[in-house]
Amino acid sequence: MEQNENLIFDAKHIWHPYSSMENPPVIHEIIAAEGVRLTLADGRTIIDGMSSWWSAIHGYNHPRLNQAAKQQIDQISHVMFGGLTHPPAIDLARKLIDITAAPLQKVFFTDSGSIAVEVAIKMAIQYCFAQGQTKKQRLLTVYNGYHGDTFGAMAVCDPINGMHSMFESVLPKHLFAPAPTCINDEDWQDSDISEFRQLISEHHHELAAVILEPIVQNTGGIRFYCPEYLRQVRALCNEYDVLLILDEIATNFGRTGTLFAYEQADICPDILCLGKALTGGYMTLAATMCTDKVAQGIAADGSGVLMHGPTFMANPLACRVASESIDVLLESDWQQNVKIIEQQLTAELMPYKAHVMVKDVRVKGAIAVVELHKPIDDQMDWLPTFIVDQGVWIRPFRNLVYIMPPFIINEGDLRQLTVAIGNIIEKLSEG
Ligand SMILES: *Cc1c(COP(=O)(O)O)cnc(C)c1O
């Protein structure tokens with residue numbers, strides 16, 4: 001393994017996600033990227049199966065995204081959003097309003113997905129507060145969810161596997177229903193929603209909102225569930241006058257086969273969180289959208305301002321690249337591309353269901369996961385280097401080996417990823 005000065009410095013001084021500085025993780029240095037390939041410092045290239053955590057849907061170093069960023073830098077990189085506005089924010093908001101469900105008419109730009117979730121929660125609580133419903137301050141969600149790492153978002157992550165259990169005593173106590181289990185609408189059983197229904201019927205007086213990841217529970221286990229569940233949740237939220245927040249941060253912009261996952265249930269949330277692929281993986285930007293009803297409701301009590309305003313709100317560079325990324329996506333045959341990826345992932349990974357190590361294989365859109373019987377976190381001293389030596393970039397966690405490649409990936413490169421997954425399983429079964 002390369003142990004150059006950079007990596008030694010990195011290990012000594014720089015925190016990586018979910019890592020220890022005393023026992024630093026295995027790290028590989030990337031110096032360039034092009035299309036679906038990342039270039040390592042030693043000159044090798046590896047095929048990216050992760051889209052840099054759901055974000056780089058068009059691949060890296062995209063000429064149109066590069067050009068958009070360069071043009072914007074020459075105009076203005078950033079200006080405060082308090083009292084000022086700019087074309088990149090206006091263009092992007094127009095596009096987002098255009099491509100999301102018609103009732104979603106208001107856009108709040110934030111720096112990251114976690115903050116988009118914080119803003120969504122604030123919107124919901126402020127909405128209730130302004131209606132005089134000051135007791136409606138809690139949230140209802142499901143187990144296995146993931147909504148971010150900040151405190152408000154953490155409180156609606158799965159309390160057990162949400163990586164946040166040590167903060168339990170400082171987090172607000174929300175309500176959790178069992179995670180949906182039904183995968184196809186044809187197999188729908190009312191029992192899947194019965195505990196959720198009971199919780200919302202008993203607690204709606206104290207509930208500001210329900211928050212869910214639509215169709216795919218991501219970091220909480222890469223679990224897929226049926227649209228009928230979402231339809232039932234929407235109906236219950238209407239019945240009990242509770243707002244519905246959908247967190248599309250991982251699923252947005254085509255990942256599950258529709259532009260937004262909620263489209264599969266033909267419903268509209270009251271509040272929608274967007275992020276990750278919003279800028280095509282170029283920079284950090286997220287957005288919280290809401291309906292006119294929510295926005296008017298927040299303003300109803302006179303003071304009426306939404307209490308949030310990040311320093312880098314609606315950063316022009318990020319907004320400009322996001323706008324271009326949406327154009328690149330919509331001008332491409334993304335639906336066909338995602339379908340082809342889904343078919344190939346299904347054909348090449350489903351056979352691993354028969355392997356003794358494997359508990360389940362799931363594919364949805366351009367997402368595939370091989371769930372193993374046992375966690376492999378204790379293998380992370382050698383596994384990352386083994387994976388890179390296969391010419392690919394895959395980052396397993398817990399008992400999940402999963403990929404969500406850029407939509408532009410070709411058949412051969414995708415095969416190299418699925419073959420590598422097979423090699424990982426084989427290697428792990430050698431013990
Ligand atoms: C990644 C993610 C977040 C948090 O976004 P960050 O940009 O990492 O803060 C929130 N919700 C979901 C569903 C996510 O996948």
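# Close-up views of a predicted model

**View 1. A network of salt bridges links K353, K359, D360, R362 and E371.** The model shown here, as in every view, is predicted. Within the network, the side chains of D360 and R362 meet in a salt bridge, N to O at 2.9 Å. R362 is buried, at 11% relative accessibility. Another salt bridge joins E371 to K359, with the closest N and O atoms 3.5 Å apart. E371 belongs to strand 14 (residues 367-372) and K359 to strand 13 (residues 358-364), so this pair ties together parts that are twelve residues apart in sequence. E371 is buried, with a relative accessible area of 13%. K359 counts as exposed, at 51% relative accessibility. That value passes the cut-off because exposed means over 50%. A search of the whole structure finds 18 salt bridges.

**View 2. K106 and D292 form a salt bridge.** The closest N and O atoms are 2.6 Å apart. This pair links distant parts of the chain, 186 residues apart. K106 sits in strand 4 (residues 104-110), and D292 sits in helix 9 (residues 292-298). How accessible is K106? Its relative accessibility is 37%, so K106 counts as partly exposed. D292 is also given as partly exposed, at 28% relative accessibility. Side chains of opposite charge can pair when their charged atoms come close.

**View 3. T291 lies in strand 12.** Is T291 buried or exposed? T291 is buried, with a relative accessible area of 8%. The value falls under the 20% cut-off, which means that it counts as buried. Leaving aside residues up to four places away in sequence, T291 touches P103, L104, Q105 and K106. The contacts of T291 also include P269 and D270. K106 is the residue that forms the salt bridge with D292.

**View 4. Seven strands form an open sheet with mixed pairing.** The strand order is 4-12-11-10-7-5-6. Which strands stand at the edges? Strand 4 and strand 6 (175-177) do, each with a single partner strand. One side of each is therefore left without a neighbour in the sheet. Neighbouring strands of this sheet are turned by 20° against each other on average, direction ignored. Strand 4 pairs with strand 12 (residues 286-291) in the antiparallel sense, over six bridges. F108 stands opposite T288 in strand 12.

**View 5. Four strands make up an open sheet in the order 1-2-3-15.** Its pairing is mixed. Strand 1 (30-34) and strand 15 are the edge strands, each with a single partner strand, so one side of each has no neighbour in the sheet. Strand 3 and strand 15 (residues 392-393) run parallel and are joined by two bridges. In strand 15, W393 is the bridge partner of D48.

**View 6. Strand 2 and strand 3 form a hairpin.** Four residues lie between the two strands. In the turn, G43 has a positive phi of about 95°. Strand 2 (residues 37-40) and strand 3 (residues 45-48) run antiparallel, with three bridges joining them. T39 stands opposite T45 in strand 3.

**View 7. Helix 4 packs with helix 10 at an angle of about 40°.** Two packed helices are described by the angle between their axes and the distance between the axes. Here the axes of helix 4 (residues 87-99) and helix 10 (residues 316-331) are 8 Å apart. Helix 4 passes helix 10 in a left-handed crossing. Which residues of helix 4 meet helix 10? They are P88, A89, D91, L92, K95, L96 and I99. On helix 10, the residues met are P316, C319, R320, A322, S323, I326, D327 and L330. The residues of this contact divide into ten nonpolar, one polar and four charged.

Definitions and conventions
Residues are numbered from 1 along each chain as its sequence is written. This is a predicted model: local features need pLDDT of at least 70, side-chain atom pairs count only at pLDDT 80 or more; totals for chains, interfaces and linings use all residues. Side-chain values use heavy atoms; hydrogens and water are left out. A salt bridge is a side-chain nitrogen of Lys or Arg within 4 Å of a carboxyl oxygen of Asp or Glu. Buried means under 20% relative accessible area, exposed over 50%, partly exposed in between (1.4 Å probe, protein chains only). Axes are lines fitted to C-alpha atoms, for helices over the stretch in contact, and angles run from 0 to 180 degrees between N-to-C directions. A crossing is left-handed if the near helix is turned anticlockwise from the far one by less than a right angle, and right-handed if clockwise. Contact means heavy atoms within 4.5 Å. Ala, Val, Leu, Ile, Met, Phe, Trp, Tyr, Cys and Pro count as nonpolar, Asp, Glu, Lys and Arg as charged, and the others, Gly among them, as polar. Two strands pair if DSSP finds at least two bridges between them.
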